[in-house]
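Trainee: I'm new to this one. Could you walk me through how its charged side chains pair up?

Mentor: Sure, let's take a look together.

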Amino acid sequence: CQIGCHREPHKAIASLVSSMDHGYRVMSRSVMIDRDVDRYVDMFKNYYSTLTKQRKLNSNLFLISMNELKNNLETNISDIYSKFGYEKSTEFVAEISKLTIESKNFVSKHKYDLSEYSLNKDDIKKDFSDYYGSNIK
């Protein structure tokens, strides 16, 4: 069995580049130098292309969006366990129930803007049209 999590590309790319930019700054560099942003976008293109292909080819793959997992943790974990024939102990179910409440209330404190990296949502949606047009969500 394989479980794959994903986010909408415009959110995932913004998050990654923002995180990487912090590391670059520690080393007195910028993620904008040497077309590194383009390399990260290309990396995501490969990742999302693989997800959409594997979704069609691999019956042992369970794909779920991070948003769906966050908002419906208990249901999704139950679905994953059922799909692969795993048993759930009473203790496990109780712990997942507690985590479900925490998960629903989680709000990221990270703030990032695609335009800071010469990117925009419309272009990313166009570049990742296979993802946005698929039933991967």
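Trainee: How far apart, N to O, are Lys45 and Asp127 in their salt bridge?

Mentor: Keep in mind that this is a predicted model. The cut-off for a salt bridge is a side-chain nitrogen of Lys or Arg within 4 Å of a carboxyl oxygen of Asp or Glu. The side chains of Lys45 and Asp127 meet in one, with an N to O distance of 4.0 Å.

Trainee: How many residues apart are Lys45 and Asp127?

Mentor: Lys45 belongs to helix α2 (residues 36-57), while Asp127 is in helix α6 (residues 121-127). That pair links distant parts of the chain, and the separation is 82 residues.

Trainee: Is Lys45 buried, exposed or partly exposed?

Mentor: Buried means under 20% relative accessible area and exposed means over 50%, with partly exposed in between. Lys45 has 32% relative accessibility, so it counts as partly exposed.

Trainee: Which residue forms a salt bridge with Asp21?

Mentor: Look in helix α1 (residues 9-26), where the two partners are 4 residues apart and so separated by about one helical turn. Asp21 counts as buried because its relative accessibility is 4%. Its partner counts as exposed, at 59% relative accessibility. The N to O distance is 2.7 Å, and the partner is Arg25.

Trainee: Which residue pairs with Arg29 at 3.7 Å?

Mentor: Arg29 counts as partly exposed, at 37% relative accessibility. The closest N and O atoms of its salt bridge are 3.7 Å apart, and the partner is Asp34.

Trainee: And how many salt bridges does the count come to?

Mentor: We've gone through some of them, including Lys45 with Asp127. By the distance rule, the count comes to 9.

How values were computed:
Residues numbered from 1 in each chain as written. Predicted model: local features only at pLDDT ≥ 70, side-chain atom pairs only at ≥ 80, totals over all residues. Heavy atoms only, no water. Helix = DSSP H or I, 4+ residues; strand = E, 2+ residues; numbered from the N terminus. Buried < 20%, exposed > 50% of the residue type's maximum accessible area, 1.4 Å probe, protein only.
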